[in-house]
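Welcome! Here is a short briefing to read alongside the sequence and the 3D view.

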Amino acid sequence: MTDRKLHGEHMLTEQGKAEWESRNAQASALAESPYKKDFPLLSHNPDLAFLDSAATAQRPKAVLEAQKRFYEKMNANALRGLYSLSVRATEAINGARAHVARFIGLTGKHDARDIVFCRNTSEALNLLAYSYAPTVLEPGDEVCITIMEHHSNLIPWQQACRAAGAKLIYMYPGDDGLISEDEMRAKIGPRTKIVSAIHVSNVLGVANDVKLMGQIAHEFGATMIVDGAQSVPHFPVDVTDLDCDFFAFSGHKVFGPMGIGVLWGRHELLDAMPPFLTGGEMIDAVTEQDATWAPVPEKFEAGTQDAAGIYALDAALTYVEGVGYDAMQAREQALVAQCMRRLSELDFVRIIGPADPALHHGVVSFNVCTIHPHDVASILDMDNVAIRAGHHCAQPLLAHLGIDSCCRASLAFYNDSADIDRLVEALKHVWSMFHGYGFARPLPHLLPDPKWGNFQKRRDGDITPLWAWQ
Ligand SMILES: Cc1ncc(COP(=O)(O)O)c(C=O)c1O
C-alpha cells in the first residue's frame, strides 16, 4: 500500500523549489483580489474566506443579471412557441449552444448541434452510461476509469458494467500523484470498450493526461470520455486537441448557474445513441405505439429546458473570457503555492497529494493531526472560513490513500492572500482548541511518516486514523 502513497516534500525537485519560490514572490502581489467586487456574495461578505469553489463557484454579477434579464425580458417556453417572445428565448438557447461549442474549441459550422444541455456533469455521465454504454458493452468487456474518479464518473460505470456483465478496471496514480503511460497501457487493452477519466481530480488537484489516455483508448478501438467538471474552471479545454469522444462539465463550477451542465459528443456517436429521457420536444413523430426521435441535440433534451440557466451560462463563459484564463491561472497558481507553503509551515497539518504546487489545479487537500476533518471544518466556520471536509464523493480514492476523510481548500482566481491568512489563523485556532495554546507541536509519537500524505498509521494490520484512537 505504501508504494501507492503520494509523497510529500522530499519529492520536490530543484526546479520545483525554484518555481515554488517564484510563485510565492508573485503571491505577495495578491494581497487583495480585484475580482471580489464582481461577485456580490463575496463583496457583501468581506470577512468570509470562501475556499470551496471546487464544490460550487460563486457567480459574478453579470451571470445573476443575465438570469434576471431572461425572466424579465425573454421568458417564454423556448422551442415551442411561434410568437416572438418564444423565438427570443429559443435564440438565447441557440446562442449559448454556439458559445459553449466555441468555448471548448469547436470551430465547425455545425458543431453547436453536438452540445447537449443537461442538469450537470452527473447527468451527462449518466446519460452516457445509460444510453451509450449498452450499445457497446458485452459480457467480458471492460470499462477503464481512474481511482481518482468522483462518484459521478464511477457509480454510473459500476451500474453499466453490472447491467452488461462487463468489468470495471481502475488506473492508479504513482508516487507523483500522476497516472503514468505504463499504468494506462497496463489497464487499457483489447477488452476495453470505454475509458472514462476525471480531467482534474477534485481531491488531489492533479490533471490527468486524458489526451494520451484517449490515444491509447483509440488504439484499441475504445471510446474516450472526459469528466471536465474540475478542469473547465481552471484552464482552457479544446476537445478537438484532446481528441476525446465525449466531454462533460457543470455550469455552476465555472461561475455559471446551478442546474445547467454540458455534454459534448462526437456527432456520429450521439446520432447513433438512443435517447436517455423521453417526452416532449425530443421526438420527430409519435403514434399510439411508437415514436421517432428528433435529431441531436433535441433527442437528448426532453422537456422544458432551463433556458434562463443556459442564457446565464452563456454570460458566465463571456465573463471567463473577459478575465482570461491566463490571468486566472496566474493568480490561482500563485495562490495555491502560497497556500501550500503556509500550510506546510504548520507542523500539525499534512498536505495530501503531490508536493509540487504546479500540479494542484486550485485544490489543496490536507488533514490536521489527531483532529477529524469534520471538526476542523466546523471550527473553521466559526472563523468564517469555508472549506469542505469529508470524502469529497471520492471514497475509492480516499480508501486507496488510506484515509476516510480529509479537508479541502479549493481556490479560484477571485481569492486572495487574505483568504489564505484567515485559513492559517483559523487552523491555529482549531489546533489550540484541541491541544491548548501552549502546545505548539504535535506529540512526537503522533508525527506521521513524512512520506505519507496523511496522518494515519498501520495498527494490527489495519489503517486507523489517528483522530480515531485518541
Ligand atoms: C470531478 C467531478 N466530477 C463530477 C462532479 C459532479 O458535478 P455535479 O454535481 O455538478 O454533477 C464533481 C463535483 O464536485 C466533480 O468534482
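**Around the ligand**

The shell around the ligand is made up of three nonpolar, nine polar and one charged residues; here Ala, Val, Leu, Ile, Met, Phe, Trp, Tyr, Cys and Pro count as nonpolar, Asp, Glu, Lys and Arg as charged, and the others, Gly among them, as polar. This is a predicted model, where local features need pLDDT of at least 70, side-chain atom pairs count only at pLDDT 80 or more, and totals for chains, interfaces and linings use all residues. Residues are numbered from 1 along each chain as its sequence is written.

- In total, 13 residues surround the ligand (C-beta atom, placed from the backbone, within 6 Å of it).
- The closest of them are N120, S122, N202, A229 and S250.

**The chain as a whole**

- The chain holds 15 helices and 17 strands, which are DSSP runs (helices H or I, at least four residues; strands E, at least two) numbered from the N terminus.
- Of the 470 residues, 49% are buried, meaning that 20 or more other C-beta atoms, placed from the backbone, lie within 10 Å of their own; exposed residues have 12 or fewer.

**A look at helix α13**

- Helix α13 spans residues 373-382, and its buried residues are P373, V376, A377, I379 and L380.
- Those buried residues line one face of α13, because they fall within an arc of 170 degrees seen down the helix axis (the arc of the directions from the axis to the C-beta atoms).
- Turned away from that buried side are the exposed residues S378, D381 and M382.
- Just after α13, N384 has a positive phi of about 65 degrees.
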